[in-house]
Amino acid sequence: MMQQEEKIKELERRIKVLENHTSPRLPGLKILWFIIWGVVGIFLILTLIGVIQFVSA
């Protein structure tokens, strides 16, 4: 239980650092996030299409 709490605190710290670190010095990070969300979005859309085809078959 303590390990989970420590991990949560560490994640919260990292989130705060990322929120404070919205400087224009890291344009690559924004591009990286766009790529990640693009891949996730495509995966979700393809999964949805697959489910629809499976149900309608």
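Which side chains meet in a salt bridge at 2.7 Å, N to O? In this predicted model, the pair consists of Glu10 and Arg13. The setting of this contact is described below, beginning with the chain as a whole.

The secondary structure comprises two helices and zero strands. The chain has 57 residues, of which 0% count as buried. Its exposed area is about 5900 Å², with 72% supplied by carbon and sulfur atoms.

Helix H1 covers residues 2-20. A span of 27 Å is expected for its 19 residues at 1.5 Å a residue, and the C-alpha atoms at its ends are 27 Å apart, so the two values agree. Helix H1 is hardly covered, as the count of buried residues among its 19 residues is zero.

The count of salt bridges comes to two. In addition to the contact between Glu10 and Arg13, a salt bridge is formed by Arg14 with Glu10, in which the closest N and O atoms are 3.4 Å apart. Salt bridges that share partners thus join Glu10, Arg13 and Arg14 into one network.

The positions of these residues along the helix were also examined. Glu10 and Arg13 are separated by about one helical turn because they lie three residues apart in helix H1. Arg14 and Glu10 both lie in helix H1 as well, four residues apart, which is about one turn of the helix. In an α-helix there are 3.6 residues a turn, so residues three or four places apart point the same way. Side chains of opposite charge can pair when their charged atoms come close.

The accessibility of the three partners was then considered. Glu10 has a relative accessibility of 32% and therefore counts as partly exposed. Arg13 counts as partly exposed because its relative accessibility is 49%. For Arg14 the relative accessibility is 52%, and this residue therefore counts as exposed, the threshold for that class being over 50%.

A nonpolar surface patch of about 920 Å² is made by Leu18, Leu29, Leu32, Trp33, Ile36, Trp37, Val40, Phe43 and Leu44. Helix H2, residues 27-56, contributes the largest share of this patch, with eight residues. Trp37, one of the residues of the patch, is placed in helix H2. With a relative accessibility of 58%, Trp37 counts as exposed.

Technical notes: Residues numbered from 1 in each chain as written. Predicted model: local features only at pLDDT ≥ 70, side-chain atom pairs only at ≥ 80, totals over all residues. Heavy atoms only, no water. Buried < 20%, exposed > 50% of the residue type's maximum accessible area, 1.4 Å probe, protein only. Areas by Shrake-Rupley, 256 points an atom, 1.4 Å probe, with all protein chains shown as cover. Expected span 1.5 Å × (residues − 1). Salt bridge = Lys/Arg side-chain N within 4 Å of Asp/Glu carboxyl O. Patch = residues over 30% accessible without salt bridge, like charges linked within 9 Å, V, L, I, M, F, W, Y side chains within 5 Å.
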